[in-house]
Amino acid sequence: MNDSQTIVLRFGDTALLSPADRSRAVEEVCAHTARGERVVAVVAPRIGSFDALLGDARGATEDPDPRALASLLATAAQRSAAILSLAL
């Protein structure tokens, strides 16, 4: 069993906007892993991404299927997670 501590880091909606913001997030994750800690990074979707996706959904239908809408909105968080993963 690994005795290392697990740290949960939450990065808000502005944490990945610019290259400098991403660098700070990467430095934070790397600082914890360098100390032997396991890191769970939780990222928020980019500002305005939900509104844009809701607009896309409304452009397709006035009454979107809830599961399809949830799937669409989940892509906003997936995008942020992928950007942080690429930066790491």
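**Contacts, core and salt bridges in a predicted model**

Setting aside residues up to four places away in sequence, His 32 touches Ile 7, Leu 9, Glu 37 and Val 39. This comes from a predicted model, and His 32 makes a handy place to start looking around it. His 32 belongs to helix α1. With a relative accessible area of 13%, His 32 is buried, because the cut-off for that word is under 20%. Two of the residues His 32 touches, Ile 7 and Leu 9, turn up again in the largest nonpolar core.

That core has ten residues. Its members are Ile 7, Leu 9, Phe 11, Ala 15, Leu 16, Ala 25, Val 26, Val 29, Val 43 and Leu 84. Strand β1 (6–11) and helix α1 are the elements that give two or more residues to it. As a rule of thumb, nonpolar side chains in soluble globular proteins tend to be buried together.

Val 43 is a good core member to zoom in on. Once neighbours within four places in sequence are left out, Val 43 is in contact with Phe 11, Leu 16, Ala 77, Ser 80, Ala 81 and Leu 84. Among these, Phe 11, Leu 16 and Leu 84 are listed in the core as well.

Ala 15, another core residue, sits in the loop between β1 and α1. Its relative accessibility is 16%, so Ala 15 counts as buried. With neighbours up to four places away in sequence ignored, Ala 15 is in contact with Asp 21, Arg 22 and Ala 25. Ala 15 and Val 26 are eleven residues apart in sequence, and their C-alpha atoms are 10 Å apart in space.

Asp 21, just met as a contact of Ala 15, also takes part in a salt bridge. Side chains of opposite charge can pair when their charged atoms come close. The count for this model comes to two salt bridges. One joins Asp 21 to Arg 24, with 2.5 Å between the closest N and O atoms. Both residues lie in helix α1 (residues 19–34), three residues apart, or about one turn of the helix. Asp 21 is buried at a relative accessible area of 17%, whereas Arg 24 is partly exposed at 49%.

The other pairing brings together the side chains of Arg 35 and Glu 37, at 3.7 Å from N to O. Here Arg 35 counts as exposed, with 54% relative accessibility, while Glu 37 is buried, with a relative accessible area of 16%. Glu 37 is also one of the residues that His 32 touches.

Next come two helices that pack against each other. Helix α2 (residues 49–60) and helix α3 (residues 66–87) meet at an angle of about 145 degrees, and their axes are 9 Å apart. Their crossing is right-handed. On the α2 side, the contact is made by Ser 49, Phe 50, Leu 53, Leu 54 and Ala 57. On the α3 side, Leu 69, Leu 72, Leu 73, Thr 75 and Ala 76 do the job. Sorted by class, the contact has eight nonpolar residues, two polar ones and no charged ones.

Ala 76, in helix α3, gives a closer view of this packing. Ala 76 is buried, with a relative accessible area of 6%. Not counting residues up to four places away in sequence, Ala 76 touches Pro 45, Ser 49, Phe 50 and Leu 53. Ala 76 and Val 26 are 50 residues apart along the chain, with 20 Å separating their C-alpha atoms.

Technical notes. Residues are numbered from 1 along each chain as its sequence is written. This is a predicted model: local features need pLDDT of at least 70, side-chain atom pairs count only at pLDDT 80 or more; totals for chains, interfaces and linings use all residues. Side-chain values use heavy atoms; hydrogens and water are left out. Axes are lines fitted to C-alpha atoms, for helices over the stretch in contact, and angles run from 0 to 180 degrees between N-to-C directions. Helices (H or I, at least four residues) and strands (E, at least two) are DSSP runs, numbered from the N terminus. A crossing is left-handed if the near helix is turned anticlockwise from the far one by less than a right angle, and right-handed if clockwise. Contact means heavy atoms within 4.5 Å. Ala, Val, Leu, Ile, Met, Phe, Trp, Tyr, Cys and Pro count as nonpolar, Asp, Glu, Lys and Arg as charged, and the others, Gly among them, as polar. A salt bridge is a side-chain nitrogen of Lys or Arg within 4 Å of a carboxyl oxygen of Asp or Glu. Buried means under 20% relative accessible area, exposed over 50%, partly exposed in between (1.4 Å probe, protein chains only). A nonpolar core is a set of buried Ala, Val, Leu, Ile, Met, Phe, Trp, Tyr and Cys residues joined through side-chain atoms within 4.5 Å.
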